[in-house]
Amino acid sequence: MDFSHVVEPALSAAVDLLVIVVLGDPTKDSLFRIVDAATGKALAEAARSESFEGKTSQSLTFRSAGALSAPRIAVLGAGNRADLEVPALRDVGAAAASIANRVGARSLALVVPTLGGAREAAAIQMLTEGALLGTYKFGRYLTGADAKKAPSLQSFAFITDAKGKKPGAAQAKAVKIALDRAQAVAAAVCKARDMINEPAAFMTPTQIAAEAEAIAKKHPKVTVQVLGPKKCEELGMGMFLAVGKGSDQESKLIHLVYKPKNAKKKIALIGKGVTFDSGGYSLKPSNAMEDMKVDMSGAAAVIAAIDAVATLGCDHEVHAVAACCENLVSGRAYKLGDVLTSMDGTTVEINNTDAEGRLTLGDAITYVRSKVQPDEMFDFATLTGACMVALGPYTAGVMSDHDALCRGWLAAAERAGEDMWRLPLTARLREQLKSPVADMRNTGDRFGGAITAGLFLKTFTKDTPWVHVDIAGPASLSASRPFQPRGGTGFAVASIVEYLTRG
Ligand code: BES
Ligand code: MN
Ligand code: ZN
């Protein structure tokens, strides 16, 4: 899809579909009134008969019958102006593209709502992201003719109705940056979605390594290193390797680096890459296992984010480390009661083989601390069902022992429009991880399960500033919303790119 920005009166846009966004009562919206007048009051009549009130997710489509250049008009509601949060415009962008494809439009022009100042460029970014993310489809395994049909929409123009004023060079530059950012972010989110939506039979640790290698090949400033089981063994990554022991697939530790000249900070991103989580001998029931190909969503997010960061450029040296393996049962699988020795020497008694993510991440954290020595590190993991119980399916749980870093992260997530909420690392719950035979055990009690997982990871972070992001809920969705079709969402990619390139 091709995006552009033009300054012209909305009524003269020569496109297949003209889209206007109204914030609340359409009869009070000046553009709605102009278009209504041009249609001989037919638009307002249609709005009345369809009870269109400009509320969020309401839409009205209308044939203009020669009243203006565009043969069709879509009016999209975005709720009251005072309540508008700019990231909500992703759903509006998605709705516009979806209506265009439904009516077979090849070109559309969307009149950017007047929000004033910097919010205008941010709005264009979110609308663009929405159009690209909402038309995403994972169709690789569909054979029907419908699935192969290409969407009709090819050109998406934003119109600023400047009311006679010429836009300044500064505005044009801000819009160009917004369009570039949106396209890089959306491409990375869709890359992550593809990786997550692929069945585990295809998206193995080796395949994830191949995806990372392909990204490194695209960008001169990105390099990649893939460590197999032998190398990880030499490094003493006993926790990480134990999880993959039951699988025929080789475990891979994937390390991507984006290195600009004169980097300001060194930032490490760590991703959980369990390509299938059966639970191991603490076997999951079938319904809980059904979606466990998504357990590599953290790895997909950090790898895909490097692609966007390298496209957009960033002042920091960025490392993405994905600990990839498969948690299965076999004669070689790790067992309950096993005592593992982690890369930092801590011994861990296994009282649940389904708490595998923290084992993989614990060693990945030690690897990052010793090999990268970053100024700050973040981990992303579909870590606990308990986090979904606490926050629901749309919100990630954030845990950190570093208030300033955590605030900076949450601010970036808010700008990117991804729901995240901080949970405390309540020290008293650490008692639950005591073991009579080892330095600690890998799981605590049911209550506070997201936090004890965070506390387990904290054992390995030592004094490196760290933020843990549990994405078990938002990594994949069973019900669609306009800009997020069901399945893998690519959650966290947008916040990572926002943090690294504008934090
Ligand atoms: N991958 C799961 C967590 C998960 C659950 C992700 C649902 C996405 C959706 C993780 O490895 C796991 O099994 N966690 C256990 C921890 C427990 C054994 C302490 C859980 O949440 O039940
Ligand atoms: Mn598990
Ligand atoms: Zn898991």
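This is a short tour of the chain, stop by stop, with a selection to make at each one. The model is predicted.

**Stop 1: the whole chain**

Show everything as a cartoon. The secondary structure comes to 16 helices and 19 strands. Turn on the C-alpha trace and rotate it. Along its principal axes the trace spans about 80 × 50 × 40 Å. The radius of gyration is 25 Å, which agrees with the value near 23 Å that a compact globule of 503 residues would have.

Now color by burial. Of the 503 residues, 56% count as buried. Switch to a surface. About 21000 Å² is exposed, and carbon and sulfur atoms supply 52% of that area.

How are the contacts spread along the sequence? Take those between residues at least 6 apart: 77% of them join residues at least 24 apart.

Color the charges next. There are 57 positive and 53 negative ones, and their mean positions lie 4 Å apart.

**Stop 2: Arg481 and Asp91**

The salt bridges of this model number 22. Start with Arg481 and Asp91. Their side chains meet in a salt bridge, at 2.8 Å from N to O. The two residues are 390 apart in the chain, so to speak of distant parts is fair: Arg481 sits in the loop between β18 (476-477) and β19, while Asp91 belongs to helix α3 (residues 89-103).

Buried or partly exposed: which is Arg481, and which is Asp91? Arg481 is partly exposed, at 37% relative accessibility. Asp91 has a relative accessible area of 18% and is therefore buried, the cut-off being under 20%.

**Stop 3: Lys191 and Glu211**

Select Lys191 and Glu211. They form a salt bridge whose closest N and O atoms are 2.8 Å apart. Lys191 lies in helix α6 (residues 169-197) and Glu211 in helix α7 (residues 205-218), so the pair ties together parts 20 residues apart in sequence. Check the cover on each side. Lys191 is partly exposed at 26% relative accessibility. Glu211 is buried at 12%.

**Stop 4: Asp403 and Arg422**

Move to Asp403 and Arg422. Here too is a salt bridge, with the closest N and O atoms 2.8 Å apart. Asp403 is in helix α14 (residues 403-416), Arg422 is in strand β15 (residues 420-422), and 19 residues separate them. Asp403 is partly exposed, with a relative accessible area of 43%. Arg422 is partly exposed as well, at 30%.

**Stop 5: helix α16 and a network**

Select 493-502, which is α16. Eight of its 10 residues are buried, leaving the helix mostly covered. Among the buried ones are Val493, Ile496, Val497, Tyr499 and Leu500. Glu498 is also on that list.

Keep Glu498 and add Arg181, Arg415 and Arg502. These four are linked in a network of salt bridges.

**Stop 6: two alanines with positive phi**

Step back to Ala492. This residue lies in the loop between β19 (487-488) and α16. Its phi is positive, about 90°, although it is not a glycine. Ala492 is buried, with a relative accessible area of 0%.

Finish at Ala65. Its phi is near 45°, again a positive value in a residue other than glycine. Where does Ala65 lie? Look in the loop between β3 (59-63) and β4 (72-77). Ala65 counts as exposed, at 76% relative accessibility.

Notes: Residues are numbered from 1 along each chain as its sequence is written. Chains are lettered from A and ligands numbered from 1 in the order in which they are written. This is a predicted model: local features need pLDDT of at least 70, side-chain atom pairs count only at pLDDT 80 or more; totals for chains, interfaces and linings use all residues. Side-chain values use heavy atoms; hydrogens and water are left out. Helices (H or I, at least four residues) and strands (E, at least two) are DSSP runs, numbered from the N terminus. Buried means under 20% relative accessible area, exposed over 50%, partly exposed in between (1.4 Å probe, protein chains only). The radius of gyration is taken over C-alpha atoms; the globule rule is 2.2 Å times the number of residues to the power 0.38. Contact means heavy atoms within 4.5 Å. Accessible areas come from the Shrake-Rupley method with a 1.4 Å probe; for residues, only the protein chains shown count as cover. Lys and Arg count as positive and Asp and Glu as negative; His and the chain ends are not counted. The place of a charge is taken as NZ of Lys, CZ of Arg, CG of Asp or CD of Glu.
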